[in-house]
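Please look over the model shown here before reading on. The report below goes through some of its parts in turn.

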2 protein chains.
Amino acid sequence: MLAYFEYSQLTIEDKKKLVLRNSDSDHKIQKQVEEIIAEVRENGDRALISYAEKFDKVSLKSLIIDEDEINQQAETVDRNQKRALEIAFNNIYMFHRYQLTKEKQVETTNGVSCWRENRPIERVGLYIPGGTAVLPSTFLMLAVPARIAGCKEIVVCSPPQPDGKINPYIAYCAQLLKIDTIYSAGGAQAIAAMAYGTESIPKVDKIFGPGNQYVTQAKTLVQLNANTAIDIPAGPSEVIVIGDDTSNPAFVAADLLAQAEHGKDSQAVLLSTSKTLIEQVQQELREQIEVLPRAEIAKKAIENSYSILFDSKQDLMIFCNDYAPEHLIVSVDEPEAYSRMIMNAGSVFYGHLTPESAGDYASGTNHTLPTSAHAKAYSGVSVDSFIKKITFQQINEDGILNLGPTIEILAEIEGLQAHKNAVSIRLKHLQSKNK
Amino acid sequence: MLAYFEYSQLTIEDKKKLVLRNSDSDHKIQKQVEEIIAEVRENGDRALISYAEKFDKVSLKSLIIDEDEINQQAETVDRNQKRALEIAFNNIYMFHRYQLTKEKQVETTNGVSCWRENRPIERVGLYIPGGTAVLPSTFLMLAVPARIAGCKEIVVCSPPQPDGKINPYIAYCAQLLKIDTIYSAGGAQAIAAMAYGTESIPKVDKIFGPGNQYVTQAKTLVQLNANTAIDIPAGPSEVIVIGDDTSNPAFVAADLLAQAEHGKDSQAVLLSTSKTLIEQVQQELREQIEVLPRAEIAKKAIENSYSILFDSKQDLMIFCNDYAPEHLIVSVDEPEAYSRMIMNAGSVFYGHLTPESAGDYASGTNHTLPTSAHAKAYSGVSVDSFIKKITFQQINEDGILNLGPTIEILAEIEGLQAHKNAVSIRLKHLQSKNK
């Protein structure tokens, strides 16, 4: 059921096609999303309440879910589930806090000191998808690094549930994260609200979070038109599993299916130096897929996926880096053998006992990752995504005397006399002072 | 000549207007730029050669400037100028190399190890503006961090000079940077070439560099349509100078003018707690501006600029952070007093003897910085801009036994059975093995 190719038989064109992702049909919905954004800019909260009725079939009195409502709903989560969310929270926190580092000051020339200081992005907006699938894990993955960064205002939007209440798991995460307000807003309208601000929902500087193609399109548009930064360009989720004769075919199949159940447009790719493994994985897939509640979705995704047999690790990694997968599972005895060759990937899972699910939920790494080959140029979300690094410099008398003449020459080369003057006027001042 | 306001007299609307930047008229030229991009995609090198004739008035035989040509032109740079470029190169190198750091591995749960590894973006494209102003400094600012990051391929495009040769200063920088090929291509067509690739010019993963509004528009379009990452959204250059009774009005005026000479749309803002200083700076501006070769440009920019008198440092910094300046010069005796209050800025210059020109050229900090209030969410270009940080994780038997049950519960909460299976199948395997 997984399409099968042999790398040695593929033409350059074939390879190009295989690494190409489903292109979004975003452009089709652009007009609709533009209308939603315009409506939210014009009518603020009223627009959001009317979209909640239209899209979420809920009549909202207020967009604000306050601390009392959050606490009430959080109460309904059972003990084991609370414990699991706490463990995930702690692991994500532990891994991410080391990402906040302090850099040393550098004296590049005697008297010229340069350094960088971290500053949190002051106001960030987190979009937590709701509707059919509610994702408390995404809430943790976005809000934990925001907290570590020290963002002053963390605005959280999530679509209203059918009963108008907040999902209990989201509520419990809010407690863990010490977030006391959540806004009932979903889809493109939530993104518009955070980009432009409404009566209830504060305008933010950067918007994070996954979503359907309306959400994605809205993020693209506000990035362009509202000067609102966004986390990463979005696309369907994907995994590459690397296998060889040491791989466990049942584990490999389970990992491919965990990816496949995400959505029909997900892609689960198997790259292997062992033909036997590919055959065994096919067999496992057939068996494991039937018992899945989301079997229909998974089957569609598997149809959209493939396996490739390679003669060498080197060829395999050339293809893999060209694909630049969001998730890369190296399901072999000696994953380290691939380490130096891995150039492009979002998150990497080493060895037989490291399923992608671990990183999706609780190992500590972030699950908001670059898809659609964006891993060639983008990293996943981290504390870095919530801070700016501002450069500072301070020059003393020695410094300007040492470096000034160089700056004067360079300004002259570029024909920028006033740039030169800014130095010359200081040098003259020091000369007359020191006489 | 610098408009004057008193902060206490400003309404909220006034303040909003003052922090608002000139909005680009980019949308007007969008169609033209789309045509150029389509033409380059269709006809590759031929399109570039024909645009060079049309826009740069040069008939090019080849787009490639090779090592021989680079070496020839570099020879013509005089000794002192070479030395100045070398000092700038060294300082930029020294400051940036500390940005490449190694992070520690974190064991978030017994048996669960997580870490991040840096990987260079493999192919980067640098756009170095040419034409009236040639900017060797920009070449250094972009290529030095690319070299430190370890990018495999550094593609450099710069518009052809009227004589068809490469500018000698650019050539000498190429020698310092060990870059042996430069492509003669400018404007939107150069951006299109690097995003899509042509016969001569390789396709890249991320494009860096400033440029006119055609270049900026082209970068926006290829980011959207070609999945090519870009450095930072661009806008006109700007500075805020903070002054008080301790400031030297001649220095402050010189710094404002260094900004003003960049372009008519540049903005040079003076924020001061001293009315006397503002008056003295006005006087200095009048005197200093007249002797500038680019006085006409500077006068226009100064008309587009302003000064504000504040009652307190606190109010001053509220305004300053809301403006989020590209450059911030704190031209006072005790700049450290502002340190904790600085939240949004691209690069900061402390004290009387630290002109912006220092950072523009040679102190070591980068001069490719966020404009138009993007400093609220973006950092300037650094080594970080040329790398990805890939997360890795490895789980052993203890790890999956410890963390597995948590992952199972979380996958259940989100209704993702196959995510749960990927763990359960491993736990079962270990149980049967350990019996």
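Is strand β4 (residues 112-120) of chain B largely enclosed by the rest of the structure or not, and why? Strand β4 of chain B is largely enclosed because seven of its nine residues are buried. Buried means a relative accessible area under 20%, exposed means over 50%, and partly exposed lies in between, with a 1.4 Å probe and protein chains only.

This is a predicted model, in which local features need pLDDT of at least 70, side-chain atom pairs count only at pLDDT 80 or more, and totals for chains, interfaces and linings use all residues. Residues are numbered from 1 along each chain as its sequence is written, chains are lettered from A and ligands numbered from 1 in the order in which they are written, and side-chain values use heavy atoms, with hydrogens and water left out.

**Strand pairing**

Helices (H or I, at least four residues) and strands (E, at least two) are DSSP runs, numbered from the N terminus. Two strands pair if DSSP finds at least two bridges between them. In chain B, strand β3 (residues 106-109) pairs with β4(B) in the antiparallel sense over three bridges, and B:Thr109 has B:Val112 as its bridge partner. These two strands, β3(B) and β4(B), form a hairpin with two residues between them. B:Gly111, in the turn, has a positive phi of about 95°. Strand β4(B) also pairs with strand β15 (residues 387-395) of chain B, antiparallel and over nine bridges; here B:Trp115 is partnered by B:Phe392.

An open sheet of nine strands, with mixed pairing, has the order β3(A)-β4(A)-β15(A)-β14(B)-β13(B)-β10(B)-β11(B)-β12(B)-β1(B). Its edge strands are β3 (106-109) of chain A and β1 (3-6) of chain B, each of which pairs on one side only.

**The two copies**

A turn of 180° and a shift of 0.0 Å along the axis lay chain A on chain B with an RMSD of 0.0 Å. The two copies are therefore related as by a two-fold rotation axis. The superposition is by least squares on the C-alpha atoms of residues with pLDDT of at least 70 in both copies.

**Positive phi outside glycine**

Most residues other than glycine have a negative phi, and most peptide bonds are trans. The table gives two residues with a positive phi.

| Residue | Phi | Loop | Relative accessible area |
|---|---|---|---|
| A:Ala324 | about 55° | between α12 (313-323) and β13 (327-330) of chain A | 0%, buried |
| B:Lys57 | near 55° | between α3 (45-55) and β2 (64-65) of chain B | 65%, exposed |

**Cysteines**

How many disulfides are there over all chains? The count comes to zero, where a disulfide is a pair of cysteine sulfur atoms within 2.5 Å. For B:Cys151, the nearest cysteine sulfur is that of B:Cys157, 15 Å away. B:Cys151 is buried, with a relative accessible area of 4%. The sulfur of B:Cys320 is too far from the closest cysteine sulfur for a bond, because that sulfur, in A:Cys151, is 20 Å away. B:Cys320 is buried as well, at 0% relative accessibility.
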